[in-house]
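The exercises below are to be worked with the sequence and the model open side by side. Each task is followed by a solution in steps.

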Amino acid sequence: MILRRYAKRIPVTALLLVTNVALFGLGLLPGLRRLLLEHFMLFPPQTRAFESWQYFTHAFLHADETHLFLNMLGLLIFGRVVEWALGSGRFAVLYVVAVFGAAFTQTYLNQLLGFPVRPMLGASGGVYGVVLCYAMLFPKRKIVILPLPIPMSAPLVAAGMAAIALFLGLTQPNGGVAHFAHLGGMLFALPLVLFWRDAGRVRRVR
């Protein structure tokens with residue numbers, strides 16, 4: 001009962017932040033990083049290394065400190081606000097669906113287009129889904145994207161991120177970044193946000 005009571009008080013955003021940082025820290029220990037990558041990074045489905053759980057576990061691994069920092073910064077800035085608006089349960093569903101959508105889109109869109117399918121890791125797809133949700137729930141809010149000191153509306157920022165992901169995915173398939181995953185996180189999050197918003201299951205913000 002005590003554990004259940006405290007679990008309800010811990011925001012999902014905080015749990016995601018702690019889990020990602022903790023796993024990255026474990027990966028710094030000798031031998032553990034290789035073990036984590038071999039079992040939990042997303043491998044192409046046609047390879048022996050692929051396991052179904054990798055569609056989700058890849059989002060808790062990161063390539064380096066910069067990769068981790070940028071994803072966790074985005075999750076911290078947007079995740080806590082979106083979680084407040086949706087509630088922790090729906091926010092968790094949103095994040096999981098966006099993570100799966102990112103993996104699915106990156107894998108199968110690359111195959112469809114004849115691009116190479118490489119192993120994938122990182123929380124970017126989930127974060128992009130959260131950003132889309134933020135833009136839809138708070139359309140009047142302004143965001144400043146450094147180094148440009150120009151406040152832009154949240155929907156404009158989200159649309160720009162989606163357009164850039166699509167463009168880079170089509171033009172830089174060998175660049176080492178899973179651009180289609182970013183787009184997939186947004187695409188899979190979209191119907192959920194529309195449904196919850198139209199059904200009145202989102203906190204109203206004055």
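**Exercise 1. Classify the accessibility of Leu112 and place the residue in the fold.**

Solution. The model is a predicted one. Leu112 has a relative accessibility of 69%, and residues over 50% count as exposed, so Leu112 is exposed. The next step is its location: Leu112 belongs to helix α6. As a distance check, take Val202, which lies 90 residues from Leu112 in sequence; the two C-alpha atoms are 36 Å apart.

**Exercise 2. Test whether the length of helix α9 fits its number of residues, then look for a bend.**

Solution. Step one is the expected span. Helix α9 runs over residues 179-198, which is 20 residues, and at 1.5 Å a residue these should span 28 Å. Step two is the comparison: the C-alpha atoms at the two ends of α9 are 29 Å apart, in agreement with the expected value.

Step three is the bend. At Ala189 the helix α9 bends by about 30 degrees. Pro191 follows Ala189 within four residues.

Step four is the end of the helix. Gly200 comes after α9 and has a positive phi, near 75 degrees.

**Exercise 3. Which residues of α9 are buried, and what covers them?**

Solution. First, list the residues under 20% relative accessible area. In α9 the buried residues are His179, Phe180, Ala181, His182, Leu183, Gly184, Gly185, Met186, Ala189, Leu192, Val193 and Trp196. Ala189, the site of the bend, is one of these buried residues.

Second, identify the cover. The elements over the buried residues of α9 include α5 (65-86), α6 (88-113), α7 (124-137) and α8 (154-171).

Third, contrast this with Phe195, which is also in α9. Phe195 has a relative accessible area of 46% and is therefore partly exposed. The C-alpha atoms of Phe195 and Ala49 are 36 Å apart, with their positions 146 residues apart in sequence.

**Exercise 4. Describe how α9 packs against α8 and against α6.**

Solution. Two packed helices are described by the angle between their axes and the distance between the axes.

For α8 and α9, the angle is about 140 degrees and the axes are 7 Å apart. The pair is therefore oblique. The crossing of α8 past α9 is left-handed. On the α8 side the contact involves Ala158, Met161, Ala162, Ala165, Leu166, Leu168, Gly169 and Leu170; on the α9 side it involves His179, Phe180, His182, Leu183 and Met186. These five residues of α9 are among those listed as buried.

For α6 and α9, the axes come within 6 Å and cross at roughly 135 degrees. This pair is likewise oblique. Its crossing is right-handed.

**Exercise 5. Work out the geometry of the α5 and α6 pair and name the residues that meet.**

Solution. The axes of α5 and α6 lie 7 Å apart, at an angle of about 130 degrees. The two helices are therefore oblique to each other, and their crossing is right-handed. From α5, Leu75, Gly79, Val82, Glu83 and Leu86 take part; from α6, their partners are Ser88, Arg90, Phe91, Leu94 and Tyr95.

**Exercise 6. Is α7 enclosed or open to the outside?**

Solution. Begin with the length. The 14 residues of α7 should span 20 Å at 1.5 Å a residue, and its end C-alpha atoms are 20 Å apart, which agrees. Next, consider burial: 14 of the 14 residues are buried, so α7 is largely enclosed by the rest of the structure.

**Exercise 7. Where does Arg203 lie, and which residues distant in sequence does it touch?**

Solution. Arg203 is in the segment after α9. At 47% relative accessible area, Arg203 is partly exposed. Leaving aside residues up to four places away in sequence, Arg203 touches Trp84 and Ala85.

Trp84 sits in helix α5 and, with a relative accessible area of 41%, is partly exposed. A further distance links Arg203 to Val82: these residues are 121 apart along the chain, while their C-alpha atoms are separated by 9.7 Å. Val82 is also one of the α5 residues that meet α6. For Trp84 and Leu36, 48 residues apart along the chain, the C-alpha separation is 32 Å.

How values were computed: Residues numbered from 1 in each chain as written. Predicted model: local features only at pLDDT ≥ 70, side-chain atom pairs only at ≥ 80, totals over all residues. Heavy atoms only, no water. Expected span 1.5 Å × (residues − 1). Bend = angle between axes of the 7 residues up to and from the residue. Buried < 20%, exposed > 50% of the residue type's maximum accessible area, 1.4 Å probe, protein only. Contact = heavy atoms within 4.5 Å. Axes fitted to C-alpha atoms, helices over the stretch in contact; angles between N-to-C directions. Parallel < 35°, antiparallel > 145°, perpendicular 65-115°, else oblique. Left-handed = near helix turned anticlockwise from the far one by under 90°.
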